[in-house]
Amino acid sequence: MRLKAFLRLLGSGAALLLPAVAVAEWRLNLKPAATAIGRDIYDLHTLVMIIITVIFIGVFGFMFYAIVKHRKSVGHKAEQFHESTTVEIIWTVIPVFILIGMAWPATKALLTLRDTSAPDMTIKVTGYQWKWGYEYLDDGIQFYSTLATPREQIQGDDEKGENYLLEVDNPLVVPVGKKVRILTTANDVLHAWFVQELAVKQDAIPGFIRDTWFRAERTGTFRGQCAELCGKEHGFMPIVVKVVSEDDYRGWVETKKAGTAVKAFDPGKTYSVAELRSTGEGVYNTHCVACHQTDGGGMPPTFPAITGGKIATGPTTGHIDIVVNGSKKNPMMAAWGPQLTDVEIAAVITYQRNALGNALGDAVQPGAIAAARK
Amino acid sequence: MEAVHEHDHGHDHPSGIMRWVTTTNHKDIGTMYLWFSFTMFLVGGVMALVIRAELFQPGLQVVEPEFFNQMTTLHGLIMVFGAIMPAFVGFANWQIPMMIGAPDMAFPRMNNWSFWLLPPAAMLLVISMFVPGGSAGVGWTLYAPLTVQQGMGMDLVIFAVHILGMSSIMGSINIITTILNMRAPGMTMMKMPLFVWTWLITAYLLIAAMPVLAGAVTMTLTDRHFGTNFFNAAGGGDPVLFQHIFWFFGHPEVYIIAIPAFGVVSQVLPAFSRKPLFGYASMVYATASIAILSFLVWAHHMYTVGMPVEAQLYYMFATMLIAVPTGVKVFNWVATMWKGSLTFETPMLFAIGFLFLFTLGGFTGLVLSLTPVDVQLHDTYYVVAHFHYVMVAGALFSAFAGVYFWLPKWIGKMYDEKLGKLHFWLSIIFFNVTFFVQHFSGLAGMPRRIPDYALQFADFNMISSIGAFGFGLSQLLFLYILVKAIRSGEKAPEKPWEGADTLEWTHLPTPAPYHSFETPPTVK
Amino acid sequence: MWTVAAGEGAQFAIVSRRNNSSSQHARLLVFGSLGLFTLSVGIGFALIGAWPVMPFAGIECVALFLAYRWLQSHDDDFELITIDADHVVVQARDGSKVERHQLNRHWAQVVTEESPGGRVRVFLRVHGREVDFGRLLVDDARLSLAKRLREQLSRPVDS
């Protein structure tokens, strides 16, 4: 414990010495962690940095001394020694002890890091191309979280905001001080759920469930990103975790549940083209725009155009089929059936057929989607 | 009587393109390997500059994200398989026969084939960019199941990897046989120059690791086209299996690149210290232990896939253990310089640059070996910085040292020492400008392989991009130095480096004759 | 590959042999351990379901075996050229193939030719019959051997 306190002091001392470089843009070290295990890792890193700095200075002190003093131009004559078993043994054995010294705290930290037992709550995180799906297994809440940064900022047509690329529409909300167990999996390819301040990085693997955990010690917003290459929008699927007080969390759960209830639709109702189109625009901009682009032009040949597209302007059955079941020919087109509701799919199909330069005038009703799922 | 065409001294061999296509001479083939490698180095370098240009500022300015991913993939594959590995095979071809007193390689015709497999493979990699859907955008690690989503470019990349593997295996069998069976009388194993030793060990690693890579990409291919489910979870496969297979090859591959670099440095440092290599035997043993350990630590690239904690502990301890033999090597090199009579010609400068920066890369490797720390740094720019210290400041600087060191022996002419030193200083400064700051981006949590990034990473990325362009341009100076030396270099003295004591310097004229040793030298 | 010993005088003999620096033991150790390691890696991966590593491991073992067998069978390669009063005799062993050619000394000519592949071919020609020699030598050594033979053949028989 004493060593830890000392290391922390060293860490903060370094930060004080360099006030100018300690601002966000010039951060030279790991971000200060919001979890106990995160601080252990921070200290472990500091410890190793101190050890390697000392060794580095020692070894290269010798080298630079030789470079200055043992050069031919100052008339140094080469000695011809080239062997010493004693020396070899010394510099084999000493590093072993140094390594054992490092392995000890590392092992302790690792055992804590991987102990996911006895969680207070469990959240299943699913990686999709390219968004995160969150499912609160205890509270029965389920939603998707996608990048909220507008395309205009990315393309440079608009001023970039403070949290450029690190903002989402629906952040993950968790209570402070609770052990949150995260189950990760993926729908399509590998992703990795990474939030540095919570000391969490866990690969999300399709077909498998892995777990990790964190217990946030302070409230706040923590931002991370997908850390495993998952295709073209890999850099555009951030993670935002809002740690709130227990009360705020309860309140959030209530509103979230109410919100989900409102969204439930009436299967008997027939929606108008305009209604569907306005809902569909939102769905399109969240889920489709990355590949098919804001103007529906796509990026042929991998991502075909919606505008005047063969399927988008063809019979509705074909259009519904490809959105619900994905493409058999082109693996980049995911099956959206499991991810979106009937209304959302109906809306986005109607939007595609009546906007983005298409004007077929037909409305696809949620009932048709429900039928197509069977 | 028939007139007999007779040439007594140094007959002329066929010239023109046919000489190079049909040659079985180890020096010709070595030269081709080296030029091929340099060409690929420039191609891969341009790709790196595309990456750095896009990352100069936040936002998407230069390329689309898919193309960005293809650039990172091809940059990695081309630099590893097209630039660094062939460079050291080139050194092996030139130097091993000369250093062990052999006339040529053991299987000269196979040597020719192993070189000529490379250009078609490189063509496949380059062509893959122009097929519909573009090249593979999956990273050089080719992780499943993203590979299944790729277009035809992925298949071309797989074929290219197969061909490169075939070439490596033929080359390795040739090198092993040469070293075993063609040493001059008196050249016992423990008298071989360390460069030869490192290649013997490298060839061993290559032969042991290559079938695994071939199997991995074959499974990727059958998963893509023939309905197998090795890595497809929906069909009962396991995506993580690919990573185990890939890194079982991939970690030894790291040492396949690094170990010959150790060899070159172990020749250059003693030559310019005018002092024998310190701890020769322990260097041999350390290299061999690194090679053996390299097959036992592969999953340290996979700390975040969710292995059982016992496995993570094992891989952490085994990985930390590599620091011991690596440390022995670094200490031995410093001890070689200690109390020598040092001069600082370009080869020595690059060797010292190697020693200094490779060790730095080794230290960050030690940081990454600790699983809990790696969980924070895995797949961030910290890792990118770490392996570029090992690959660029390690392997590439060592290759530069080797070229400057042996160029006089190869072509009989000297390079321009002033320009060589300038090349060194530009390279080392811009290298650090490019990659040192990436440690900070990584510590702050910037993931690798992203085409756009949050504003907090902007300053370091801009510095890094400036450094990368400086580094890239400095390499054109290297090309100029080479061309100048070949066309109008001063005639090299018989023994340009006072302290060099291996056979090629002591027993062969400068430049080395077309065939190395007509009669074997006797090694005392 | 280039041990050359020569006897002078009426009975001229010159022999070339390989310089094999590896013992039988070392070869078995190196090639055997490589093959074993590769195979066990292949089997290991096959056991966890990744059987496609196996065929490549197999192909590689075949390649290793071929290299090993080549070394073994060419250990005792030699080439012996003797010249007496009337004959030039070229005896050679190349792997399992043993050849003996006896030529009339007085009609024998030494010819050197350069093939497009960059290799220099040297042979003895008698009445249109061609016998190659110098197979174990590198080009330059082969040319100097041709030169020595030519000198030897042009000497008066009795000297």
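The paragraphs below walk through the chains of this predicted model, from their contacts to the details of sheets, loops and one helix.

It is convenient to begin with how the chains meet. Two pairs of chains touch, and the pair with the most contacts is A and B. Across this interface, 83 residues of chain A are in contact with 82 residues of chain B. On the chain A side, several elements each supply at least two residues: helices H2 (36–69), H3 (85–113) and H4 (151–155), together with strands S6 (191–195), S7 (200–204) and S9 (220–226). Of these residues, the largest share belongs to H3(A), with 14. Sorted by class, the side of chain A that touches chain B holds 47 nonpolar, 19 polar and 17 charged residues. Chains A and C, by contrast, have no contact with each other, and their closest C-alpha atoms are 17 Å apart.

The domain assignments come next. Chain A is assigned domain 1 (2–113), domain 2 (123–260) and domain 3 (273–373). Between domain 2 and domain 3 of chain A, the centres taken over C-alpha atoms are separated by 26 Å. Contact between these two domains involves eight residues of domain 2 and six residues of domain 3. The domain 2 side of that contact is made up of three nonpolar, two polar and three charged residues. For chain C, the assignment gives a domain 1 built from two segments, 3–19 and 77–154, and a domain 2 spanning 24–73. The C-alpha centres of these two domains of chain C are 39 Å apart.

Chain A also offers two sheets worth following strand by strand. One is an open sheet of five strands with mixed pairing, in the order S3-S2-S1-S5-S8. Its edges are formed by S3 (141–145) and S8 (210–214) of chain A; each has a single partner strand, so one side of each lacks a neighbour in the sheet. On average, and with direction ignored, neighbouring strands in this sheet are turned by 25 degrees against each other.

Within this sheet, S1 (residues 121–128) and S2 (residues 131–136) of chain A run antiparallel and are joined by six bridges. The two strands form a hairpin with two residues between them. Along this pairing, A:Lys124 of the ladder faces A:Glu135 in S2(A), while A:Thr126 has A:Gly133 in S2(A) as its bridge partner. The loop between S1 and S2 of chain A contains A:Trp130, and the peptide bond joining A:Gln129 to A:Trp130 is cis, with omega at about 0 degrees. S2(A) then continues to S3(A) through a second hairpin, this one with four residues between the strands; in its turn, A:Gly140 has a positive phi of about 65 degrees. Here too the strands run antiparallel, and five bridges join them. A:Gly133 appears again in this pairing, with A:Tyr144 in S3(A) as its bridge partner.

The other open sheet of chain A likewise has five strands and mixed pairing, and its order is S4-S10-S9-S6-S7. S4 (172–175) and S7 of chain A stand at its edges, and because each has a single partner strand, one side of each is left without a neighbour in the sheet. The average turn between neighbouring strands of this sheet, direction ignored, is 20 degrees. S9(A) pairs with S10 (residues 238–244) of chain A in the antiparallel sense, over six bridges. In that pairing, A:Thr221 has A:Lys242 in S10(A) as its bridge partner.

Chain B has local features of its own. The loop between H5 (118–127) and H6 (152–181) of chain B contains B:Pro145, which is joined to B:Ala144 by a cis peptide bond with omega near -5 degrees. B:Leu142 is found in the loop between H5 and H6 of chain B as well, and although B:Leu142 is not a glycine, its phi is positive, at about 55 degrees.

Further along chain B, helix H14 (residues 417–443) has 27 residues and reaches 39 Å from its first C-alpha to its last, close to the 39 Å expected. H14(B) also has a kink of about 30 degrees, centred on B:Val433. Just after this helix, B:Gly445 adopts a positive phi of about 100 degrees.

Key. Residues are numbered from 1 along each chain as its sequence is written. Chains are lettered from A and ligands numbered from 1 in the order in which they are written. This is a predicted model: local features need pLDDT of at least 70, side-chain atom pairs count only at pLDDT 80 or more; totals for chains, interfaces and linings use all residues. The expected span of a helix is 1.5 Å times one less than its number of residues. The bend at a residue is the angle between axes fitted to the seven residues ending there and the seven starting there. Two residues are in contact if their C-beta atoms, placed from the backbone, lie within 7 Å. Ala, Val, Leu, Ile, Met, Phe, Trp, Tyr, Cys and Pro count as nonpolar, Asp, Glu, Lys and Arg as charged, and the others, Gly among them, as polar. Domain bounds come from an automatic or database domain assignment. Two strands pair if DSSP finds at least two bridges between them. Axes are lines fitted to C-alpha atoms, for helices over the stretch in contact, and angles run from 0 to 180 degrees between N-to-C directions.
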